[in-house]
Amino acid sequence: MNPHLSQLQPYPFARLREAMQGVSAPEGVVPVPLQIGEPKHPAPAVITDALTAALPRLDAYPQTAGLPELRQACAGFLQHRYGLALDPDSEILPVLGSREALFSFVQAALGGNEQEKPVVVCPNPFYQIYEGAALLAGAETAFANCRAPHFKPDWGSIPETVWQRVKLVFVCSPHNPCGSVLQKVDWAELFELQSRYGFIIAADECYSEIYFEGEPPIGCLQAAAELGRGFSKLVMFTSLSKRSNVPGLRSGFVAGDAALLKDFLLYRTYHGSAMGIPVQMASIAAWNDETHVMENRRLYQEKFARVLPILAQGFEVTRPDASFYIWLQAPDGDDLAFARTLWCEAAIQVLPGRFLARDTEQGNPGAGYVRIALVAPVADCVAAAEKIVAIRQRCYP
């Protein structure tokens with residue numbers, strides 16, 4: 001077995017289950033799951049209809065590169081969303097969701113012939129796939145902490161000696177779990193570091209379509225184009241899971257550096273990761289339609305509009321730049337104890353921030369916060385917010 005498997009830490013939700021051993025919710029109270037960022041809105045009919053209509057095409061093997069029509073639909077999305085004109089045949093590659101692609105891309109990108117052990121930089125807190133992909137590829141990880149009030153990676157905390165070994169930097173914008181968005185000036189800072197040290201930038205943008213009216217987040221390729229840069233050593237990952245509320249479809253795409261995608265396609269051909277044709281047809285319908293995306297976004301906006309004023313009665317809380325997360329400070333600074341209290345008092349499930357981050361010399365930047373995912377129906381989110389404030393006032397006077 002891969003000897004690096006022993007370096008993997010338990011997934012945050014496994015740690016949460018273990019931490020909740022012996023802590024019981026009130027009898028007869030229906031749990032409110034706000035700990036997992038799993039979209040709960042109904043799957044749009046435009047997607048399910050296309051999927052079912054294409055079921056007869058299960059009789060054919062799909063190509064790893066995907067149907068030309070799918071790559072064109074992805075290119076069309078990039079055009080109308082970011083004003084980018086990418087070549088669908090060389091700069092776009094369909095994948096089985098961003099999670100699978102983020103992991104496998106690192107395996108393909110880190111060749112293993114480096115004279116010294118490569119380093120992968122991750123934001124902290126972070127999506128745990130980044131760390132697992134790096135470790136299983138034989139790399140070390142370094143963390144750029146994201147702290148209040150802006151929750152953006154502190155690239156300056158990475159020592160010069162470490163930057164010299166960095167082969168890949170993960171970026172998540174909009175950020176999971178903090179909801180912060182990198183602006184053009186932030187991208188310019190990272191691009192300057194890339195020019196100096198030559199690493200690959202892998203930008204996870206799966207929350208890019210969950211934003212507030214008039215504030216669409218800038219993407220990494222868009223920022224590169226506006227700053228007069230090409231896409232060399234730059235790739236973005238996106239998915240239909242959050243944008244179109246179909247996490248079970250397992251569909252997304254990677255776009256950017258044609259040379260990197262050519263090698264990644266070769267890797268995936270052997271990896272066996274071709275997308276089934278019915279899923280491709282459903283994906284084409286999804287990328288070509290914005291009506292359902294606008295409705296999905298409106299529902300999240302309504303949740304924030306309803307929930308934030310309630311939470312403000314007991315907490316200092318601000319709206320994130322984007323995403324469907326609230327990064328809430330625990331009233332006594334103990335995120336795990338607060339999560340346990342919410343569960344045993346009201347059957348509300350939230351995720352302690354410490355489980356989403358790693359300890360560094362500067363501490364654990366997730367400690368003291370809980371992540372709340374506004375994925376439940378609006379009424380459930382409102383009721384949960386009211387209970388959280390009541391518990392705050394009763395248990396933390």
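Colleague: Where does Tyr-211 have its place in the chain?
Modeller: This is a predicted model, so keep that in mind. Strand 6 covers residues 200–204, and helix 8 comes after the loop in question. Tyr-211 sits in the loop between strand 6 and helix 8.

Colleague: Does Tyr-211 count as buried or exposed, and why?
Modeller: The cut-off for buried is under 20% relative accessible area. Tyr-211 comes in at 11%, so Tyr-211 counts as buried.

Colleague: Which residues does Tyr-211 touch, not counting those up to four places away in sequence?
Modeller: One of them is Ala-322, 111 residues apart from Tyr-211 along the chain, with the two C-alpha atoms separated by 4.4 Å. Leaving out residues up to four places away, the list is Arg-81, Pro-216, Pro-217, Arg-297, Gln-301 and Ala-322.

Colleague: Arg-81 is in helix 3, right? Which residues of helix 3 are buried?
Modeller: Helix 3 runs over residues 68–82, and Arg-81 is indeed on its buried list. In full, the buried ones are Leu-70, Arg-71, Ala-73, Cys-74, Ala-75, Phe-77, Leu-78, Arg-81 and Tyr-82.

Colleague: What covers the buried residues of helix 3?
Modeller: Both strands and helices take part. The cover includes strand 2 (92–95), strand 7 (234–239), strand 8 (252–256), helix 8 (220–226), helix 9 (240–243) and helix 11 (277–287).

Colleague: What should helix 3 span, and how far apart are its end C-alpha atoms?
Modeller: Helix 3 has 15 residues, and at 1.5 Å a residue the expected span is 21 Å. Its end C-alpha atoms agree with that, being apart by 21 Å.

Colleague: Which residue just after helix 3 takes a positive phi?
Modeller: The phi there is about 75°. The residue is Gly-83.

Colleague: Over in helix 13, is Thr-341 buried or exposed, and what is it in contact with?
Modeller: Thr-341 is found in helix 13, residues 335–346. Its relative accessible area is 16%, which means it is buried. Leaving aside neighbours within four places, Thr-341 is in contact with Ala-346, Ile-391, Cys-395 and Tyr-396.

Colleague: Zooming out, what radius of gyration does the chain have?
Modeller: The C-alpha trace spans about 60 × 55 × 45 Å along its principal axes. With 397 residues, a compact globule would be near 21 Å, and the chain agrees with that: 21 Å.

Colleague: And among contacts between residues at least 6 apart in sequence, what share join residues at least 24 apart?
Modeller: For background, the chain has 14 helices and 12 strands, and 57% of its residues count as buried. The share of those contacts joining residues at least 24 apart is 75%.

Definitions and conventions: Residues numbered from 1 in each chain as written. Predicted model: local features only at pLDDT ≥ 70, side-chain atom pairs only at ≥ 80, totals over all residues. Heavy atoms only, no water. Helix = DSSP H or I, 4+ residues; strand = E, 2+ residues; numbered from the N terminus. Rg over C-alpha atoms; globule rule 2.2 N^0.38 Å. Buried < 20%, exposed > 50% of the residue type's maximum accessible area, 1.4 Å probe, protein only. Contact = heavy atoms within 4.5 Å. Expected span 1.5 Å × (residues − 1).
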